[in-house]
Amino acid sequence: MCGIAGLIHRGKSSKVGHELQGMLQALKHRGEDSTGYALYGDTDGKNFIMRFKVGENVGEGSTSVTEDVSVYDERKKIVDNYLSELGAKILKEERILPYSLRYEIDYNKKDLLNFSQKIESIPGVEILSMGKSLEVIKDLGNAKMVCDRYNLDELVGTHAIGHARMATESGVDIKSAHPFWGYPFSDVSVVHNGQLTNYWNNRRALENKGMRFMSECDSELIAVYLAEKMRDGASLEEGMKESLSGLDGVFTYFVATKDSLGMAKDTMAAKPLVLYESDDLVAMGSEEIAIRSILPQEIDTYDPFDGEVKVWQI
Amino acid sequence: MANLKNTEKKTKAQAMGMHTEVLTGRTQQKFFNPDEAENFYYFGTYDVDFNKRTDLDVKDMTAAEANKEIDNLMSQGFGTIVIKNPQGKHSLGVGILNKLNLIFEGSLGYFGMGSCDGPIVRINGRVGWSCAENLMAGKVVIEKNAGSCFGAAIRGGDLICKGSVGARTGIDMKGGTIIIGGDAGAFTGFMMQRGRIIILGDVGINLGDSMYDGTIFIGGEIGSYGSDAVDSELTKNDQDWLKRKLKVAEIGENFDVSKMKKIVAGKKLWNYDNLEPTEKKGAI
């Protein structure tokens with residue numbers, strides 16, 4: 001059992017980091033092994049923001065192997081060198097935690113595949129997100145702990161999706177935590193509640209097509225599946241609709257891009273989702289109490305039906 | 001091996017080697033005497049006055065605290081309780097075994113009004129998953145929408161949602177009536193064993209999948225039929241019953257029930273002949 005939440009403001013910006021923290025904290029009983037945020041902040045859209053990790057959080061019940069902290073510095077140096085080789089210029093550098101970094105970079109090439117492959121060829125290094133608006137922050141612990149650790153309360157943006165995880169299919173570590181970046185597409189992220197039963201068949205097929213998996217978490221498949229569909233020219237909504245038959249199992253998932261947010265529910269409607277829609281805000285979560293954390297007044301909500309796909313624009 | 005057919009009944013278990021001692025002693029079974037009113041005492045019930053009314057603001061309460069306070073108010077004789085600010089909390093109003101007018105001014109989360117026997121409940125907002133699960137008797141009316149597993153395993157009472165409901169409505173239900181004013185999702189009536197479901201709107205795929213018994217009435221379109229769910233003739237009696245039920249439920253009073261579809265179990269999967277104990281008494 002995991003919890004997912006998302007919101008999209010239409011026509012304005014808000015403190016989406018703070019809002020999503022409240023929504024996910026309301027769902028912490030659904031799992032607090034790890035919590036992840038995909039926040040779409042207000043930026044000038046010129047430069048890329050790269051969130052990446054050079055190691056794992058080895059505390060708080062982690063299943064990761066403890067490493068000497070010095071390897072983090074070595075990996076960071078290699079990342080810096082590779083960025084230089086790729087023609088990317090680091091404009092701003094933040095080291096939030098020894099293993100977690102945020103770079104603002106000037107990079108003009110559109111193809112992120114080669115870029116990502118080069119960076120992630122360094123053992124222990126994973127790009128959590130790459131985009132001109134998207135920032136994926138994920139770590140062990142509940143929503144409040146992660147929010148405080150990464151100071152997300154003040155982040156202003158238009159939309160966000162997040163995930164409170166109870167680890168069932170894979171380890172308690174950052175690489176298995178949601179959201180997943182829709183590698184190698186800029187600004188695409190996915191969160192999922194459920195279990196996928198044709199993970200390995202799909203994974204083998206997608207890997208043969210050149211797609212990359214960083215974890216053994218079944219949910220990562222959704223991000224890779226949609227990325228592959230979009231790479232082949234499908235729109236986000238088309239890819240999501242195809243996923244209803246292409247993915248087997250039970251799922252409710254959210255996917256976000258630079259200017260949109262979508263949801264899909266499997267054909268058995270086995271996983272919960274409550275939706276609130278108004279002209280200026282759409283909010284959704286595994287339980288209504290998530291929405292109530294930002295809208296305490298009486299509101300009209302509903303459960304989307306089985307096999308339903310919806311996409312909203314900012 | 002012992003010949004069980006020819007062995008005395010009281011020694012069968014001993015003949016099979018299950019035990020050797022002779023069982024003696026008094027029975028623990030208690031018998032009711034209708035003349036003795038105290039034997040009809042139902043744990044957790046109170047004498048309440050419907051005209052005695054109070055409000056309860058649960059905004060800063062946990063579900064357990066709110067439910068305990070409802071019980072406390074009933075013990076003081078309050079027969080009408082208005083719950084303010086439920087704010088989507090889970091498990092509110094569960095386990096009420098009393099006659100009671102209970103009004104929620106707002107929405108409930110999961111498992112609202114579960115395992116109740118007798119109250120008349122009106123919820124002005126929406127309810128989450130598994131509303132009124134295991135309802136034995138009473139009436140629960142939801143003014144807006146409801147989540148999945150609406151009325152799971154109910155045995156009696158009327159459960160009414162004026163809006164739309166999610167998937168698996170009436171799953172495993174064993175009696176009572178569920179009435180939906182809007183649409184319903186997939187697997188409506190999944191494995192239902194008795195009772196009736198009325199959906200005025202459309203319904204999703206696998207309607208009545210693996211149902212043992214019971215009846216489903218659909219006013220709109222059907223996504224698909226589930227295993228062993230088949231059409232049946234809508235009789236005049238059915239139509240009269242539907243009209244009465246919709247009128248009492250204050251929902252779809254002018255709905256043209258003659259065009260509704262009636263779905264029952266084909267009984268190829270299951271044969272569910274045994275009556276409930278209470279029904280047996282009536283049949284005898």
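**Notes on a predicted two-chain model**

1. The secondary structure of chain A comprises eight helices and 15 strands. The model is a predicted one, and the points below should be read with that in mind, beginning with the overall form of chain A and ending with its contact with chain B.

2. As for overall dimensions, the C-alpha atoms of chain A occupy a box of roughly 50 × 40 × 40 Å along the principal axes. The radius of gyration of chain A is 18 Å, which agrees with the value near 20 Å that a compact globule of 314 residues would have. Of these 314 residues, 51% count as buried, and among the contacts in chain A with a separation of 6 or more, 71% are between residues 24 or more positions apart.

3. Strand β7 of chain A, residues 134-140, deserves attention on account of its surroundings: seven of its seven residues are buried, so the strand is largely enclosed by the rest of the structure. Its pairing with strand β2 of chain A, residues 34-41, is antiparallel and extends over seven bridges. Within this pairing, A:A38 is found opposite A:V136 of β7(A).

4. In the loop that leads from α1 (16-26) to β2 of chain A lies A:G31. Is this glycine, A:G31, buried or partly exposed? A:G31 has 19 other C-beta atoms within 10 Å, and since a residue needs 20 or more to be buried, A:G31 counts as partly exposed. When neighbours within four places in sequence are left aside, the contacts of A:G31 are with A:M1, A:C2, A:G3, A:A164, A:R165 and A:M166. By way of a further distance, the C-alpha atoms of A:G31 and A:G124, which are 93 residues apart along the chain, are separated by 26 Å.

5. The helix before that loop, α1(A), packs with helix α4 of chain A, residues 143-150, at an angle of about 155° and with the two axes 8 Å apart. Because angles over 145 degrees count as roughly antiparallel, α1(A) and α4(A) are described as roughly antiparallel to each other. On the side of α1(A) the contact is made by A:G17, A:Q21, A:L24 and A:Q25, and on the side of α4(A) by A:A143, A:K144 and A:C147. Sorted by character, the residues of this contact between α1(A) and α4(A) are three nonpolar, three polar and one charged.

6. Elsewhere in chain A, five strands make up an open sheet with antiparallel pairing, in the order β9-β10-β11-β12-β15. Its edge strands, each pairing on one side only, are β9 (180-181) and β15 (309-313) of chain A. Strand β9(A) runs antiparallel to β10 of chain A, residues 189-196, and is joined to that strand by two bridges; here A:F180 stands opposite A:V190 of β10(A).

7. Two helices accompany this sheet. Helix α6 of chain A, residues 220-231, lies across β9, β10 and β11 (249-256) of chain A, and runs at about 125° to β10(A). Helix α7 of chain A, residues 236-246, also packs on the sheet, where it touches β11, β12 (260-265) and β15 of chain A, and its direction makes about 15° with that of β12(A).

8. Finally, the contact between the two chains takes 16 residues from chain A and 22 residues from chain B. On the side of chain A that touches chain B, the largest share comes from helix α8 of chain A, residues 288-292, with three residues. That side of chain A is made up of eight nonpolar, one polar and seven charged residues.

Notes
Residues numbered from 1 in each chain as written. Chains lettered and ligands numbered in written order. Predicted model: local features only at pLDDT ≥ 70, side-chain atom pairs only at ≥ 80, totals over all residues. Contact = placed C-beta atoms within 7 Å. Helix = DSSP H or I, 4+ residues; strand = E, 2+ residues; numbered from the N terminus. Nonpolar A, V, L, I, M, F, W, Y, C, P; charged D, E, K, R; others polar. Buried ≥ 20, exposed ≤ 12 C-beta atoms within 10 Å, placed from the backbone. Pairing = 2+ DSSP bridges. Axes fitted to C-alpha atoms, helices over the stretch in contact; angles between N-to-C directions. Parallel < 35°, antiparallel > 145°, perpendicular 65-115°, else oblique. Rg over C-alpha atoms; globule rule 2.2 N^0.38 Å.
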